[in-house]
Amino acid sequence: GYDKKEKNWDKFKNKEGLHLTTDWEVVQSNGPYDIIFINDLIDHSEDFEKELEKIKTIKTNGCRIFIRCHPWCSRHGMHLHSQLNKAYLHLVFSEDELFSMGIKCNKITHKLLDPITSYKKLFQKTGFSILSTEVIKTEVENFFIQNEAVMRRIKEKWQTMQDYHDGGKFPREFLEIEAVDFILI
């Protein structure tokens, strides 16, 4: 297992055959891999194209890559729920407003307004083929649609997209996305 930061790995230290590291060179030296699992990398890496290019260097020709994406537009897309367990905080409030509430937005998060289309373009651009796509959805509660001030603030985020620029349409189809699971080759 690999991550840029160690995360409570001491619980797994004595598991035979399990190696957890923050050193990419260790990952490379143990490759190539037939199966790769990736969780929440695309949305929070500084350069997601570069990360996918790195993945290509450690896979076998027949490798299957199982990747879960967690888009910014999801209810906890910036992982703020660990500071205040409320949905869509990052869509209702600006980062300055969140900071004034004591909430730190220190995690890199790519603000993909149409995440599924963006992921597919990214995978294609980096030379991967998509074998399957599964979208995990959670219905948006009426509060976010019926509260005029909250709804307006959310809709403002999508004003650069053609179907949303006039503020008439609510981006429900994007907010419902909790995660997207892809299998790539």
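This note walks through a predicted model of one protein chain, point by point.

1. **Overall build.** Start with the fold. The chain has eight helices and four strands. Follow the sequence and the order reads α-β-α-β-α-α-α-β-α-α-α-β. The C-alpha trace spans about 55 × 35 × 25 Å along its principal axes.

2. **Inside and outside.** The chain has 185 residues, and 38% of them count as buried. Its accessible surface is about 11,200 Å². Carbon and sulfur atoms make up 48% of that surface.

3. **Contacts along the sequence.** Take the contacts with a separation of 6 or more. Of these, 68% are between residues 24 or more positions apart.

4. **Charges.** Count the charged side chains: 27 are positive and 29 are negative. The centres of the two sets lie 1 Å apart.

5. **An edge-to-face pair.** The chain has nine aromatic pairs. One of them joins Phe 123 and Phe 182, with ring centres 4.9 Å apart. Their planes meet at 75°, so the pair counts as edge-to-face, for which the angle must be over 60 degrees. The two residues are 59 positions apart in sequence, and the pair links distant parts of the chain. Phe 123 belongs to helix H5 (residues 115-125), while Phe 182 belongs to strand S4 (residues 177-184). Are these two rings buried or exposed? Phe 123 is buried, at a relative accessible area of 0%. Phe 182 is buried too, at 1%.

6. **A stacked pair.** Now look at Trp 158 and Phe 174. Their ring centres are 6.4 Å apart. The planes are at 5°, so this pair is stacked; the cut-off is under 30 degrees. Trp 158 sits in the loop between helix H7 (148-156) and helix H8 (172-175). Phe 174 is in helix H8 itself, 16 residues from Trp 158. Both residues are buried.

7. **A ring cluster.** Which residues do ring pairs link into a cluster with Trp 158 and Phe 174? They are Trp 72 and Tyr 164.

8. **Lysines over rings.** Some rings have a charge for company. The charged end of Lys 54 sits over the ring of Trp 24, 4.5 Å from the ring centre. Lys 56 does likewise with Phe 128: its charged end sits over that ring, 6.0 Å from the centre.

9. **A cis peptide bond.** Check the backbone next. Most peptide bonds are trans. Gly 31 and Pro 32, however, are joined by a cis bond, with omega at about 0°. Pro 32 lies in the loop between helix H1 (24-30) and strand S1 (33-39).

10. **Positive phi at Asp 40.** Most residues other than glycine have a negative phi. What is phi for Asp 40? The angle is near 60°, a positive value. Asp 40 is in the loop between S1 and helix H2 (48-56). Its relative accessibility is 14%, and buried means under 20%, so Asp 40 counts as buried.

11. **Positive phi at Tyr 88.** Tyr 88 also has a positive phi, near 60°. Where is Tyr 88 placed? Look in the loop between strand S2 (59-69) and helix H3 (89-92). Tyr 88 is buried, with a relative accessible area of 0%.

Definitions and conventions:
Residues numbered from 1 in each chain as written. Predicted model: local features only at pLDDT ≥ 70, side-chain atom pairs only at ≥ 80, totals over all residues. Heavy atoms only, no water. Buried < 20%, exposed > 50% of the residue type's maximum accessible area, 1.4 Å probe, protein only. Contact = heavy atoms within 4.5 Å. Areas by Shrake-Rupley, 256 points an atom, 1.4 Å probe, with all protein chains shown as cover. Lys, Arg positive; Asp, Glu negative; His and termini not counted. Charge placed at Lys NZ, Arg CZ, Asp CG, Glu CD. Phe/Tyr/Trp six-rings, centres within 6.5 Å; stacked < 30°, edge-to-face > 60°. Lys NZ or Arg CZ within 6 Å of the ring centre and 35° of its normal.
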